[in-house]
Amino acid sequence: MASMTGSSASKPEKTNIRYFFPKDPDKSGAKFSFLRRKKDLIEEAPVDEHKLKKWRTGEPSKGYARTKFHSQKIRAREKVFEKVAEKSARAELLCAEEQGSLEAEKTYQITQNDIRSTADEATQQKIFDLRLDQFGPYRLDYTRNGRHLVIGGAKGHVAAFDWQTKNLHCEINVMETVADVKWLHQETMFAVAQRKNVYIYDNQGIELHCLKHLDSALRLEFLPYHFLLVSASAKGYLSYLDVSIGKEISGICTKQGRLDILTVNPQSAIVHLGHPNGTVSLWTPNMKEPAAKILCHASCLRDVSVDASGNYMATTGMDRRLKIFDLRTYKELSRFQYNKRQCPGVLDFSQKGILAVSRENVVELYQDMTNQAYRPERPYLYHRCDRLIQDVMFCPYEDVLGIGHSLGFSSIVVPGSGEANFDALEANPFQSKSQRKQTEVRMLLDKVQPEMITLGGGIGEVDFKTAAELQEERNKTKFLKPSKIDFTPRHKMKGANKAGKIVQRKKGVQEQHMRAAVRDIVRTKQVEGRLNQRNSSRPGLPEGTSSLQRLKKKSA
């Protein structure tokens, strides 16, 4: 007994702990009770119709399908599209980024050094100069998402890099004259217009293709939704190349001489060409003649640019004038005259409508140039470079303007020029490698055919009245079908009795019968025409009646 008591004293005593869970008095058997919100109907505020119109992809279908099942399917799909548009319009509240601007009475007196001293560190890094005085002047191009930049010097220097991180992709010397550079659908490939041909390189500087049929190209443009590379040559040829299949879609001889001015309407994909006689011609790959011609200046053109909306076009000429045109009516909206010592040069519109105009080594930036009620007397910003300016281009989704000149490349900040909120499914500046691959596949699946490029901008527009008239004319036309002839050619020797020879003889006999039938129809028509001519010359005979009408029996 003593040993048992000792062992029990050494072990700690176990205490029975009882856990208590309060129960809900309303529901028996529940261990926990939570306060639940009543299922009240939450009414959402109506969305503005103007915002809904912005996000709607098209008009609802007016008709119905042949079966009730497909009609219900179409209505259900339209309801989904309407919900998507409504959610997109409501999601605009999440776009917290706002457009920047400069607030001062004389903003043109603000220099880039003033902006750099007052801006944050990220904005300060966007203002830089590349001193490349041995290979200039330079032309440049940004990608659609505004992240990557390619520059090409006239003496053969080509470089591609991420201009925000200053990470160099490649740098090569093609040992030839470079007329223009252009990114393709992704930042993995770019095209270079060299002295003889157009070459395509990847972002490592490796030559992928040599396009020998695009010779003597001076300007390049790329249509991302159609995968078309457009080139204008010194020989007056306008070429369309489908880079997805490597096939030339169209080659047009414009008969307008040297083509060194080329731009594209971003909304309708219409190509605008500037000519030395002061005209601007509009082209599509489906027509061998220009879709429209606009007489803009009385002298040679310097440059042409179309804004992001596709409704306005700016032109400069050797007559020292800057003009704004409305592409919906093809009328001149306003003109600006420079003095004798100044002649405007290259142009470019930003995403927010700011127009960059170069003259010699100076870049002037204007706001609201397309507004008829507002006429700017002074530029919005003013920047002076060291040498002659060759090319200017705004960076998408950034308040940055790239300038290519004889001493290299310059990047300046233009507050309020770029779109503040970007669509990640359209152009994502922060996309990863996998997202880039998915975007490329989606773009190929959604590729638009070149036949859809029209002057009106509508896709699949058909003139039903004209089509019906053409069909009616086709139905009126008499088609002759050769009658079946039971003809057995006689047997011949020395290879004349081969199967091909027999078929050839049968076709000859058939053609003879065809000619005879056509001859009979033509003679009948000639006789009818003579009789009608005689009847028309007879006095007192009603129109449309025959002279043989008098021989018919009169009804009682």
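In the predicted model, Ser233 is buried, with a relative accessible area of 5%. This serine belongs to strand 11, which covers residues 228-233. The side chain of Ser233 reaches the backbone nitrogen of Tyr237 at a distance of 3.1 Å. When neighbours within four places in sequence are set aside, the residues in contact with Ser233 are Asp215, Ser216, Ala217, Leu218, Arg258 and Leu259.

The protein chain has 556 residues, of which 38% count as buried. Its secondary structure consists of eight helices and 28 strands. Among the contacts with a separation of 6 or more, 44% are made by residues 24 or more positions apart. The accessible surface of the protein chain amounts to about 36700 Å², and carbon and sulfur atoms contribute 51% of this area.

Part of the surface is a nonpolar patch formed by Val80, Phe81 and Val84, which together have about 280 Å² of accessible area. Of these residues, Val84 lies in helix 3, spanning residues 68-90. Val84 has a relative accessible area of 47% and is therefore classed as partly exposed, since that class runs between the limits of 20% for buried and 50% for exposed.

Salt bridges in the model number 17. One of them pairs the side chains of Lys182 and Asp141, with an N to O distance of 3.3 Å. Lys182 lies in strand 6 (residues 178-183) and Asp141 in strand 2 (residues 138-142), so this pair ties together parts that are 41 residues apart in sequence. Both Lys182 and Asp141 are buried.

A further salt bridge joins the side chains of Arg335 and Glu332 at 2.7 Å, N to O. Arg335 is partly exposed, with a relative accessible area of 35%. Its partner Glu332, at 32% relative accessibility, also counts as partly exposed.

In helix 8 (residues 499-537), Glu511 and Arg515 are four residues apart and are therefore separated by about one helical turn. The side chains of these residues meet in a salt bridge with an N to O distance of 3.8 Å. Relative accessibility is 44% for Glu511, which places this residue in the partly exposed class. Arg515 is likewise partly exposed, at 48%. Elsewhere, Arg139, Asp180 and Asp391 are joined into one network by salt bridges that share partners.

Cysteine residues were examined next. The structure contains zero disulfides. Cys300 is in no disulfide, and the nearest cysteine sulfur, which belongs to Cys343, is 9.6 Å away. This distance exceeds the cut-off of 2.5 Å between sulfur atoms, so Cys300 and Cys343 are not paired. Cys300 counts as partly exposed at 32% relative accessibility. Cys253 is also partly exposed, with a relative accessibility of 34%.

Several backbone features occur in loops. The peptide bond joining Gly136 and Pro137 is cis, with omega at about 0 degrees. Pro137 is located in the loop between strand 1 (128-131) and strand 2. Lys166, a residue other than glycine, has a positive phi near 60 degrees. The loop holding Lys166 runs between strand 4 (157-162) and strand 5 (167-173). At 40% relative accessibility, Lys166 counts as partly exposed.

A positive phi of about 60 degrees is also found at Tyr397, which is not a glycine. Tyr397 is placed in the loop between strand 26 (389-394) and strand 27 (400-405). With a relative accessible area of 19%, Tyr397 is buried, because the class of buried residues takes in values under 20%.

How values were computed
Residues numbered from 1 in each chain as written. Predicted model: local features only at pLDDT ≥ 70, side-chain atom pairs only at ≥ 80, totals over all residues. Heavy atoms only, no water. Patch = residues over 30% accessible without salt bridge, like charges linked within 9 Å, V, L, I, M, F, W, Y side chains within 5 Å. Areas by Shrake-Rupley, 256 points an atom, 1.4 Å probe, with all protein chains shown as cover. Salt bridge = Lys/Arg side-chain N within 4 Å of Asp/Glu carboxyl O. Helix = DSSP H or I, 4+ residues; strand = E, 2+ residues; numbered from the N terminus. Buried < 20%, exposed > 50% of the residue type's maximum accessible area, 1.4 Å probe, protein only. Polar contact = N/O pair within 3.5 Å; in protein donor to acceptor, adjacent residues only side chain to side chain. Contact = heavy atoms within 4.5 Å.
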